[in-house]
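User: I'm new to this one and would like a quick tour. Can you put it up and start with the basics?

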Amino acid sequence: MFSLQRSLPPWLRHKPKLLNTFYGGLAVISALVLLRIAATSFSSTSSSSFDFSGVDPHVSSSEWTSRAERVKEAFLHSYHGYEKYALPQDELRPVTNEGMSGFNGWGVTAFDSLDTMLLMGLQDEYKRALKVVEAADFTISRQPMGQVPYFETIIRYLGGLLSAYALSNDTMLLRRAENLADTLDPVFDTPSGLAAFAINPITRKQHNVGSNILAEFASFQVEYTYLAKASGKKEYMDRVHKLNQIFRKANLNGSGGMLPTVWDTAGRPSNSRNKVSVGAQADSTHEYLLKQFLLTGKTDKFNLELYLKATTYILTNLLYLSPNRSLLYVTDTAVPLWTDSLSGSPSHIFEHLSCFFPGLLALGAHTLPLNDLSSLGIDLQSLFPAGSGRAEMYDTLKKYDLKQLHLWAAEGLAQTCWLTYADQPSGLGPDEVIMLAPSSSREWDEDLERWRQTGHSYLWIDALDKWKMVGEKGGRRGGVPPGVEDKRPVVWTEEDRVAKRPNGRDYHVRKTGYLLRPETIESFYLLWRVTGDVKWRNRGWKVFEAIEREAKTDSGYVTLKNVKTSPAERGNSMPSFFLAETEDDPLPLDRWVFNTEAHPVPVFEWTAEEKRRFNIT
């Protein structure tokens, strides 16, 4: 899955005022996720014909085979364009056909593409990319002041190297992965032990951007844990242990047990201007809580407990329903340290980045015994002790089948992600929308592009409790919960806005650009595999068709500036993760874990000797 605004130059990622005006340096969609959607043989539970829901069970297997070839051709079109016009720089500008280096200048597209090439059987391209890997000098960066941004370098370069090593067993790749991790190690020489934002490998001088941002310092566990396993070296696992130690000591009562986004230099949650979120600044960390547990053969119980605390808070406090269409969405909120309500002060902003979350919930429902956590040695009630302000959350959820609840939330959120695409003339989703609240509580200002006052929307869990209560009183069981049912798209154009026609979508587009992010389509893929519902597969294909129509150039694919028009105005960049976001048939969900740049590494079990050496308890 994809985390943060990772296709931006790192110095812009967490500076919202700059991000509002920045549309370059962004990318396309996950090539191999689309390939798997097109190529995988999977039985369908649907029998309806294609309609607004995106369902088309009548597509033949030969047609899906043809579609898989189209996705492979899209990958080759992009990578060959990069090789021709941009190599050895990091990424391609596919309108002007020139290179750009926003990620150290080591050729990040080649690193990000290694596992994709292996899985697609592209041996010629792979061999040429290996030369780029061997030539890279990890001590010299083209970033300002020679800085290497830690988060981006780990998920793209280290993740790409480790995944290719796992698939090929080429020890050169493992050696280069160790070289990179060792070169970056001074990034941890901070008072708290949390990784700094960036490091100059030659001078060992760190660069920080003020506060410590959760996703920036806490999205390396999967990579370092697998590196420790593959190399046998304790120092990599020590870095993971230190992060877990900081999380164990943190007082999370003010955020309902969920990790907040901003931390101080001492390694504690910041006491001012903090929030909880599954979007920018936090997403990949929450993703890694579950994936770290799965990677280690379901033995890292501490990270699983953090995942359960986070998802419980999200289900009870961050999921809302829009007032008219009952769109289920997840938002961010000021944590209760600054409010009187456990649910904090919601922004009602729904980010494209947050569309990774339905896929994560589906993965958790598929891989975890959510209704029998005691089999893993976990007492869910003990995670929400009385007097902590969190016991009410447990009391709310214990009334439900927890696996079913997680799947309902996954399907409802993915439905809203789909509609933000299907509602647009371009067929592609905007980067951010802001949801309507009841009309009496606040008003949207078209000029300021923000709400005039804060209001309260309807928490999904409250709607679910009411639905459950009414059903039980009426003697009814079953049916579709609120926010989960399929809905028709509502296309509202710029002409409609100018003509002051009613906006029936229940949201306003806050950031109109399509930054070619893969979160939505990854969630579609995971929901298709977990539920067997072919509509998710077809929706993924609809997105691919829209990308082909709106974003393809002679040498690659580009970001769009405004999804509310078709054809859409284009940007001029093709970042590396188009060639990286990867899942394919030889990689079943229970035997491989994907880092946040979608580089797969294999699930493993610690040996007795490794447990002793790495202090695994």
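Analyst: A term to begin with: helices (H or I, at least four residues) and strands (E, at least two) are DSSP runs, numbered from the N terminus. This is a predicted model.

User: OK, how many helices and strands does the protein have?

Analyst: There are 20 helices and 19 strands in the protein.

User: And what percentage of the residues is buried?

Analyst: Of the 617 residues in the protein, 63% are buried.

User: What about contacts with a separation of 6 or more: what share comes from residues 24 or more positions apart?

Analyst: Such pairs, 24 or more positions apart, account for 72% of those contacts.

User: Which residues have the most contacts inside the largest nonpolar core?

Analyst: Leu-173, Tyr-224, Phe-247 and Trp-460 do, in a core of 166 residues. Helix α15 (residues 402–422) gives the largest share of this core, with 13 residues.

User: Take Tyr-224. What does it touch, leaving out residues up to four places away in sequence?

Analyst: Tyr-224 touches Tyr-150, Ile-154, Leu-158, Ala-181, Phe-188, Tyr-236, Arg-239 and Val-240.

User: Switching to helix pairs. How do you describe two packed helices?

Analyst: By the angle between their axes and the distance between the axes.

User: Then how do α10 and α12 cross?

Analyst: The axes of α10 (residues 234–249) and α12 (residues 301–317) come within 11 Å, crossing at roughly 45 degrees. The angle is neither under 35 degrees nor in the 65 to 115 range, so α10 is oblique to α12. Their crossing is left-handed.

User: Which residues make that contact?

Analyst: From α10, Asn-244, Phe-247 and Arg-248; from α12, Phe-302, Asn-303 and Leu-306. By class, the contact of α10 with α12 has three nonpolar, two polar and one charged residues. Phe-247 is also among the residues with the most contacts inside the largest nonpolar core.

User: Now α13 and α18. What are the distance and angle there?

Analyst: The axes of α13 (residues 357–367) and α18 (residues 519–531) come within 8 Å and cross at roughly 25 degrees. Angles under 35 degrees count as roughly parallel, so α13 is roughly parallel to α18.

User: Left-handed or right-handed?

Analyst: α13 passes α18 in a left-handed crossing.

User: And which residues are in contact there?

Analyst: On α13 they are Phe-357, Pro-358, Gly-359, Ala-362 and His-366, and on α18 they are Ser-523, Leu-526, Leu-527 and Val-530. The contact of α13 with α18 has six nonpolar residues, three polar and no charged.

How values were computed. Residues are numbered from 1 along each chain as its sequence is written. This is a predicted model: local features need pLDDT of at least 70, side-chain atom pairs count only at pLDDT 80 or more; totals for chains, interfaces and linings use all residues. Side-chain values use heavy atoms; hydrogens and water are left out. Axes are lines fitted to C-alpha atoms, for helices over the stretch in contact, and angles run from 0 to 180 degrees between N-to-C directions. Angles under 35 degrees count as roughly parallel, over 145 as roughly antiparallel, 65 to 115 as roughly perpendicular and the rest as oblique. A crossing is left-handed if the near helix is turned anticlockwise from the far one by less than a right angle, and right-handed if clockwise. Contact means heavy atoms within 4.5 Å. Ala, Val, Leu, Ile, Met, Phe, Trp, Tyr, Cys and Pro count as nonpolar, Asp, Glu, Lys and Arg as charged, and the others, Gly among them, as polar. A nonpolar core is a set of buried Ala, Val, Leu, Ile, Met, Phe, Trp, Tyr and Cys residues joined through side-chain atoms within 4.5 Å. Buried means under 20% relative accessible area, exposed over 50%, partly exposed in between (1.4 Å probe, protein chains only).
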